[in-house]
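This report walks through one chain, beginning with its charges and overall build and then turning to individual residues. Please keep the sequence and the structure at hand while reading.

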Amino acid sequence: MRRYLIAPSILSADFSNLGREIELAEEGGADIIHVDVMDGHFVPNITIGPIVVEAVRRVTSLPIDVHLMIENPDLFMDEFIKAGADMLSVHVEGAIHLHRSIQKIKTFGHAKAGIAINPATPIASLENILTELDFVLIMTVNPGFGGQDFIPTMLSKIELLRRWIDETGLDIKIEVDGGVKKSNIADIYGVGCDILVAGSAVFSGGDPARSIRELKAVIDN
Ligand code: DX5
Ligand code: ZN
């Protein structure tokens with residue numbers, strides 16, 4: 001069986017109790033903590049900045065995956081990495097000098113560099129940058145909010161990217177973000193996803209540890 005990682009998105013967590021929510025996610029077997037950064041420009045919502053990442057860093061030793069849904073991401077990536085990010089993704093639609101952005105993440109040494117792409121953006125937009133990446137984050141909802149429905153046509157997009165990456169022979173992970181639930185997680189894993197982000201499916205049911213165990217059980221069985 002191919003390995004997979006579960007990355008709960010804290011966007012749907014109870015922010016008044018964030019430390020405990022992350023502890024419960026860890027208890028359930030979370031592999032990565034996914035943090036959604038939104039600026040009110042690139043997406044119609046505002047969320048969190050480096051100080052929250054710093055706080056998350058203090059309560060977990062899991063890798064922190066920072067998904068930058070912001071304009072001018074280059075201006076902020078060093079702050080997020082200093083705050084404790086282990087993975088950083090910038091949007092192909094938000095970064096004008098994408099190659100420079102990826103190089104910039106890499107100059108900080110340890111952080112993995114990724115590119116996120118919106119549902120309507122074809123994977124062909126990665127053609128001249130793919131080999132530079134540690135991971136690609138495929139958005140399967142329009143970014144901005146948790147709790148939206150997975151867009152079904154994204155399955156074939158993931159599958160296509162999987163085939164392309166396998167052809168390169170490089171170790172580039174595919175992360176899928178948006179609408180991941182018990183009802184579709186096996187299909188998403190099945191078409192080649194390595195890292196499954198889940199926000200509302202983990203934190204909206206009241207028992208994050210159990211929800212993660214249930215998501216994993218669907219794939220494992
Ligand atoms: C959406 C964010 C996602 C979101 C996922 O813009 O990037 O990470 O939190 O939430 P769910 O799993 O509820 O779709
Ligand atoms: Zn995200």
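## Charge

The chain carries 31 negative side chains and 19 positive ones, and the centres of these two sets lie 3 Å apart. The model is a predicted one, and the values that follow are all computed from it.

## Overall build

Eight helices and eight strands are found in the chain. With a radius of gyration of 16 Å, close to the 17 Å that the globule rule gives for 221 residues, the chain is as compact as a globular protein of that length. Taken along the principal axes, the box filled by the C-alpha atoms is roughly 40 × 35 × 30 Å.

Of the 221 residues in the chain, 55% are buried. The accessible surface comes to about 9700 Å², and carbon and sulfur atoms account for 51% of that area. When contacts between residues at least 6 apart in sequence are considered, 66% of them join residues that are at least 24 apart.

## The aromatic pair

The structure holds one aromatic pair. Its members are Y4 and Y189, arranged edge-to-face, with 5.6 Å from centre to centre and 70° between the planes; an angle over 60 degrees is what places the pair in the edge-to-face class. The pair links distant parts of the chain, since Y4 belongs to the segment before β1 (5–8) while Y189 belongs to helix α6 (residues 185–190), and the two are 185 residues apart. Both Y4 and Y189 are buried.

## Two buried helix residues

I158 has its place in helix α5 (residues 154–168). With a relative accessible area of 0%, I158 is buried, as the cut-off for that class is under 20%. Once its neighbours within four places in sequence are left aside, I158 is in contact with I138, T140, I174, V176, I188, V191, G192 and C193. One of these partners, I188, falls within the residue range of helix α6 (residues 185–190), the helix that also holds Y189 of the aromatic pair.

S211 is found in helix α8 (residues 208–220), and it too is buried, with a relative accessible area of 10%. Leaving aside neighbours within four places in sequence, the contacts of S211 are with A201 and V202.

## Two partly exposed residues

Q103 lies in helix α4 (residues 98–107) and, with a relative accessible area of 29%, is partly exposed, because its value falls between the limits of 20% and 50%. Measuring from C-alpha to C-alpha in the model, Q103 and E132 are 8.4 Å apart in space, although 29 residues separate them in sequence. The C-alpha atoms of Q103 and the buried I158, by contrast, are separated by 25 Å, with the two positions 55 residues apart along the chain.

N72 is found in the loop between β3 (64–69) and α3 (77–83), where a relative accessible area of 47% makes this residue partly exposed. N72 is not a glycine, yet its phi is positive, at about 50°. The C-alpha atoms of N72 and I96 are separated by 8.1 Å, and these two residues are 24 apart along the chain.

Methods: Residues are numbered from 1 along each chain as its sequence is written. Chains are lettered from A and ligands numbered from 1 in the order in which they are written. This is a predicted model: local features need pLDDT of at least 70, side-chain atom pairs count only at pLDDT 80 or more; totals for chains, interfaces and linings use all residues. Side-chain values use heavy atoms; hydrogens and water are left out. Helices (H or I, at least four residues) and strands (E, at least two) are DSSP runs, numbered from the N terminus. The radius of gyration is taken over C-alpha atoms; the globule rule is 2.2 Å times the number of residues to the power 0.38. Buried means under 20% relative accessible area, exposed over 50%, partly exposed in between (1.4 Å probe, protein chains only). Contact means heavy atoms within 4.5 Å. Accessible areas come from the Shrake-Rupley method with a 1.4 Å probe; for residues, only the protein chains shown count as cover. Lys and Arg count as positive and Asp and Glu as negative; His and the chain ends are not counted. The place of a charge is taken as NZ of Lys, CZ of Arg, CG of Asp or CD of Glu. Rings of Phe, Tyr and Trp (its six-membered ring) pair if their centres lie within 6.5 Å; planes under 30 degrees apart count as stacked, over 60 as edge-to-face and the rest as tilted.
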